[in-house]
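Please take me on a tour of this structure. I have it open in a viewer and would like to know what to select next and what is there.

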Amino acid sequence: MNLLRAALLCLAGIALPAFAIDTTVLPNPELQARYENLTHELRCMQCQNNNIADSPAGLATDLRREVAEMLTAGKSDDEVRAYMVQRYGDVILFNPPLNSSTVWVWATPLVALVGGLIVAFVIVRRRGRLVATDDSEVRDDLAP
Amino acid sequence: MTRFVLPIVVFVALAGVLFLGVRNSTNKGTMPSALLGKPAPNFELPALGKPGETVTLAQFAGKPFVLNVWATWCVACREEHQTLLDIASTKAVTLVGLDYKDKDPEALEWLQQFGNPYDHVAVDAEGRTAIDFGVYGAPETYFIDASGRVLYRHVGEMTPEVWRREFIPRIKGTKR
């Protein structure tokens, strides 16, 4: 039990600095929720595997400021996304839009799933046929 | 036999495609500008060290120019400074500096100390014009043609080679 408590404390220690990065407070909870949602889905362009909500980088801070100002000024989430894409390209969105250059990103899991199902189906059918037509080995094993 | 050969063939084909993709990507780690071929974003900023004066996009209407995003806190900007001075001495094109999230006294001291390659220096203290250009790290260098379109962006240190290969042909209008 003590071990578990110690582990949890360690985890809390890791998590705490992350809370300190963004201290922005918007005028109302609805705006705050949209702000947090948006800053989590926009990529930090300086540190590309992080979102702007969790990044202390200078540019991430500036982009959070832009998001906060646009939301406070009454812009919609899509307007904020369009503003970012216009400047930084689709790469700034962690959820890439479906278009001609990203169609493979979206299609690959589907192709892999269908391909896997076909392979599995073929294997199951072959095995099924083996059992149905040839049971000689099973009888040999049963014989004393 | 095929049950062993087929996965190997698929693996080799996939590895080959990925290898070629990685090898053929010319600028690893840098992303193309979202602005290429589009009109440069408008800006109107204070001119460094000239109280009351501004640097605006409108003043370059009909004239091509190179925009170099720099700052005194940027290490690679110090590295490329001599190259910028050499470029300026050729007088091939108007060179505009965008002093990005910097302090004016420090920027002035830097230009005093190392030399000023710029025809104009605009102060972008809050980094808003840089966001409009899609800047994600200094130094970055843009070429804007006479019609006001962004034709090229180089991310990182400017080198004589990049200047010769990417900028000069675009300034001469022989490459888009």
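The stops below go from chain A to the contact between the chains and then through chain B. Keep in mind that this is a predicted model.

**Stop 1: chain A as a whole**

Select chain A and show it as a cartoon. Six helices and zero strands appear, so to read the elements from the N terminus on is to read α-α-α-α-α-α. Of the 144 residues in this chain, 15% count as buried. Take the contacts in chain A between residues at least 6 apart in sequence: 44% of them join residues at least 24 apart.

**Stop 2: two helices of chain A that cross**

Now select residues 29-41 of chain A, which form helix α2, and residues 58-72, which form helix α3. Their axes come within 10 Å and cross at roughly 145 degrees. The crossing of α2(A) past α3(A) is right-handed. Show side chains for the residues that make this contact: from α2(A) they are A:Leu31, A:Arg34, A:Tyr35, A:Leu38 and A:Thr39. From α3(A) they are A:Arg64, A:Val67, A:Ala68, A:Leu71 and A:Thr72. Coloured by class, the contact shows six nonpolar, two polar and two charged residues.

**Stop 3: where the chains touch**

Show both chains. Eleven residues of chain A are in contact with nine residues of chain B. On the chain B side, these are four nonpolar, three polar and two charged residues.

**Stop 4: the largest nonpolar core**

In soluble globular proteins, nonpolar side chains tend to be buried together. The largest nonpolar core here has 57 residues. Select the ones with the most contacts inside it: B:Val66, B:Leu67, B:Val69, B:Val96, B:Tyr100 and B:Tyr142. The element that gives the most to this core is α3(A), with six residues.

Centre the view on B:Leu67. Which residues is B:Leu67 in contact with, leaving aside its neighbours within four places in sequence? They are B:Val96, B:Leu98, B:Tyr142 and B:Ile144.

**Stop 5: a bent helix in chain B**

Select residues 75-90 of chain B, helix α2. This helix bends by about 40 degrees at B:His81. B:His81 is also one of the buried residues of α2(B), together with B:Cys77, B:Glu80, B:Leu84 and B:Ile87. Add β3 (65-70), β4 (94-100), α3 (104-114) and α5 (160-172) of chain B to the selection, and you have the elements that the buried residues of α2(B) pack against.

**Stop 6: two lysines with positive phi**

Most residues other than glycine have a negative phi, and most peptide bonds are trans. Two lysines of chain B have a positive phi: B:Lys91, near 55 degrees, and B:Lys101, near 45 degrees.

Select B:Lys91 in the loop between α2 and β4 of chain B. Is B:Lys91 buried or exposed? B:Lys91 counts as exposed because it has 9 C-beta neighbours inside 10 Å, and the cut-off for exposed is 12 or fewer.

Then move to B:Lys101, in the loop between β4 and α3 of chain B. B:Lys101 counts as buried because it has 20 C-beta neighbours inside 10 Å, and buried starts at 20.

**Stop 7: a cis peptide bond**

Select B:Ala138 and B:Pro139. The peptide bond from B:Ala138 to B:Pro139 is cis, with omega near -5 degrees. B:Pro139 lies in the loop between α4 and β6 (140-144) of chain B.

**Stop 8: B:Thr129**

Go to helix α4 of chain B, residues 128-133, and pick out B:Thr129. B:Thr129 is buried because 23 other C-beta atoms lie within 10 Å. Sequence neighbours within four places aside, B:Thr129 is in contact with B:Phe43, B:Leu45, B:Leu98 and B:Asp124. Use the distance tool on the C-alpha atoms of B:Thr129 and B:Val69: they are 10 Å apart in space, although the two positions lie 60 residues apart in sequence numbering.

**Stop 9: B:His120**

End at strand β5 of chain B, residues 120-124, where B:His120 is found. B:His120 counts as buried because it has 21 C-beta neighbours inside 10 Å. Not counting residues up to four places away in sequence, B:His120 touches B:Ala47, B:Val55 and B:Val96. For a last distance, pick the C-alpha atoms of B:His120 and B:Glu157: they are separated by 20 Å and are 37 residues apart along the chain.

Technical notes:
Residues are numbered from 1 along each chain as its sequence is written. Chains are lettered from A and ligands numbered from 1 in the order in which they are written. This is a predicted model: local features need pLDDT of at least 70, side-chain atom pairs count only at pLDDT 80 or more; totals for chains, interfaces and linings use all residues. Axes are lines fitted to C-alpha atoms, for helices over the stretch in contact, and angles run from 0 to 180 degrees between N-to-C directions. Helices (H or I, at least four residues) and strands (E, at least two) are DSSP runs, numbered from the N terminus. A crossing is left-handed if the near helix is turned anticlockwise from the far one by less than a right angle, and right-handed if clockwise. Two residues are in contact if their C-beta atoms, placed from the backbone, lie within 7 Å. Ala, Val, Leu, Ile, Met, Phe, Trp, Tyr, Cys and Pro count as nonpolar, Asp, Glu, Lys and Arg as charged, and the others, Gly among them, as polar. A nonpolar core is a set of buried Ala, Val, Leu, Ile, Met, Phe, Trp, Tyr and Cys residues joined through C-beta atoms within 7 Å. The bend at a residue is the angle between axes fitted to the seven residues ending there and the seven starting there.
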